[in-house]
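Welcome! Take a look at the sequence and the model below, then work through the exercises at your own pace.

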Amino acid sequence: MTADVLLRNARIVDGTGAPWFRGSVALVDGRIEAVERGSAAAPDAAETVDLDGSVLAPGFVDLHVHSDLRLFEESTLPAKVRQGVTTEVLGQDGFSMAPIYREGGATEWEEHLSALNGTTGREWTWGSVGDYLDAIEESGTAQNFGTLVGHGTVRFEVLGLSERAPDESELEAMADLVTEALDEGALGFSTGLVYPPQVNSDTEEVRTLAERLGPYGRPFVAHIRSEGAGIWEALDEFADVGAEAGVPVHLSHYKLSGHAQHGKADRANAFIEACRERGIDFTAEQYPYTAGNTVLSAVLPPWVHAGSREETMSRLRDEGARERIRRDIEEWRIDGWNNNAGAIGWENVEVTDVAEGPNKGYEGMRVSEIADERDVHPVDTVCDLLVEEEMAVNMFVHAMSEADVRAIMANERVAVASDGLFGGRPHPRVYGTFPRVLGRYVREENLLTLEEAVRKMTSLPARIVGLESKGLVREGMDADMTVFDPLVVGSDADYDDPARYPRGIEHVLVDGEFVIRDGSVTGETPGTALRA
């Protein structure tokens, strides 16, 4: 046998969590053909690369991304592939790009999600999940991509952006769309219960849709209703849906948000263990930072988002509505609402992404600072910015404690994921998530072993979404590989200068082809669209 590529003299961290060993890996036709320990005779190869003792690991699987449209504009996604990421899971927070069939729906949905997922200049040539995955493959990508089917998407397809509950036939139509997407290869079902339109759903709606996962064994992935004051009730709802629907549940961007919840990570970790004892297949993912990143409009009460973008903006212009918003935030008048501004204060809400124009200079400023500069109340500041920018403003929410980040990271059920939003002034997690864990939390702080960190980036996320051929250095597995120097790997990206590529990622291969070679992007696009 002659291998296509032989990676020799490596320190192999195989993704299982087992201790590393020295050896070589032979790749043939996009698969791992052989794994040889020590100095055992290696097969002949068309190309041999001496790794000189660097770590050879499975390619990293990013469970939570927002590249759904970006990948059509930037096929190599260097911010991600330079981190060693070889597979990404789209369709997060209830926002998949399919199924969308309604007349004019693609334009309206893209507009609705523009702050979160960006836009693309291309025409949407797809309607179904299968068509969307085909479009990804036809476009060409460096990485592999799969998608979840989104709760918000199927709700939008049936009800538009209405805040009302579906009737029985409408709920059945939504559930049928979930089943259709699962039949066409969706990796699971996601929701984001703080975002419109799914913020308007009750538990019965969520459970009915999640039940469609049952025959497939795929996960229910949720941005729960609250990660702050209402987190315990939100976790109860999430776990109960999983138990009653009989499906795996996966918690997106696991965190404790707001000063009142700081120091309670042990309680949250114990909740996950109690769920598993109860028979619920409960997993989670985390990004290794103390600030979140989402749309600025997420600080607004749910009623503000009802209907179209124009209707929302009309409310934001109305003085009576602004007074109601102020009171809802300051007096905590809405039970169960994830009231970010009330929990952390306007001084911890930072504007991060504004289109070119007079407001561009506000990027990097806290809402409290902008309010002082404009000499208006912070609520007026937020409303004015959203109206002036037609809702397309993002924010950092400085809401978590480092102690809780560390306690969550040490939980063996928790995978690493980026949840990165592109555009403007991004969160450093877009450029630095995986190297930051390997550099700061493995090498510098010894919070995790190297092997455990790699497991959280490879076999654990692959298991969560059922990617059986990924996540391990083992014969017969896909040849997605990441090579890094454990003494150098790390990230210098921070909140002030986030768009900085990491250090120490030497080579990245997707389906046996180099997409990073000697630290540089090759331009190759061997990635495939993954169907469950």
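**Exercises with worked solutions**

The protein chain exposes about 18400 Å² (Shrake-Rupley method, 1.4 Å probe), and carbon and sulfur atoms supply 43% of that area. This is a predicted model, in which local features need pLDDT of at least 70 and side-chain atom pairs count only at pLDDT 80 or more, while totals for chains, interfaces and linings use all residues. Residues are numbered from 1 along each chain as its sequence is written, and side-chain values use heavy atoms, with hydrogens and water left out.

**Exercise 1.** Describe the overall build of the protein chain, and find out why it counts as compact.

*Solution.* Start with the secondary structure: there are 19 helices and 21 strands (DSSP runs, H or I of at least four residues for helices and E of at least two for strands, numbered from the N terminus). Next, take the radius of gyration, which is 23 Å; the globule rule gives 24 Å for 532 residues, so the chain is as compact as a globular protein of that length. Here the radius is taken over C-alpha atoms, and the rule is 2.2 Å times the number of residues to the power 0.38. Finally, 64% of the 532 residues count as buried (under 20% relative accessible area, 1.4 Å probe, protein chains only).

**Exercise 2.** Work out where Val 465 sits and which residues it is in contact with.

*Solution.* First, locate Val 465 in the loop between helix H19 (459–464) and strand S18 (481–484). Then check its accessibility: with a relative accessible area of 7%, Val 465 is buried. Now list its contacts (heavy atoms within 4.5 Å). Leaving aside neighbours within four places in sequence, Val 465 touches Leu 63, Val 89, Leu 187 and Pro 219.

**Exercise 3.** Trace the partners of strand S2, and decide how enclosed this strand is.

*Solution.* Begin with strand S1 (residues 2–12), which runs antiparallel to S2 and is joined to it by 6 bridges; strands pair if DSSP finds at least two bridges between them. In this pairing, Ala 10 stands opposite Gly 23 of S2. Move on to strand S3 (residues 31–37), which also pairs with S2 in the antiparallel sense, over 6 bridges. There, Gly 23 stands opposite Arg 37. S2 and S3 form a hairpin with 2 residues between them, and Asp 29 in the turn has a positive phi of about 50°. To finish, 7 of the 8 residues of S2 (residues 21–28) are buried, so this strand is largely enclosed by the rest of the structure.

How values were computed: Buried means under 20% relative accessible area, exposed over 50%, partly exposed in between (1.4 Å probe, protein chains only).
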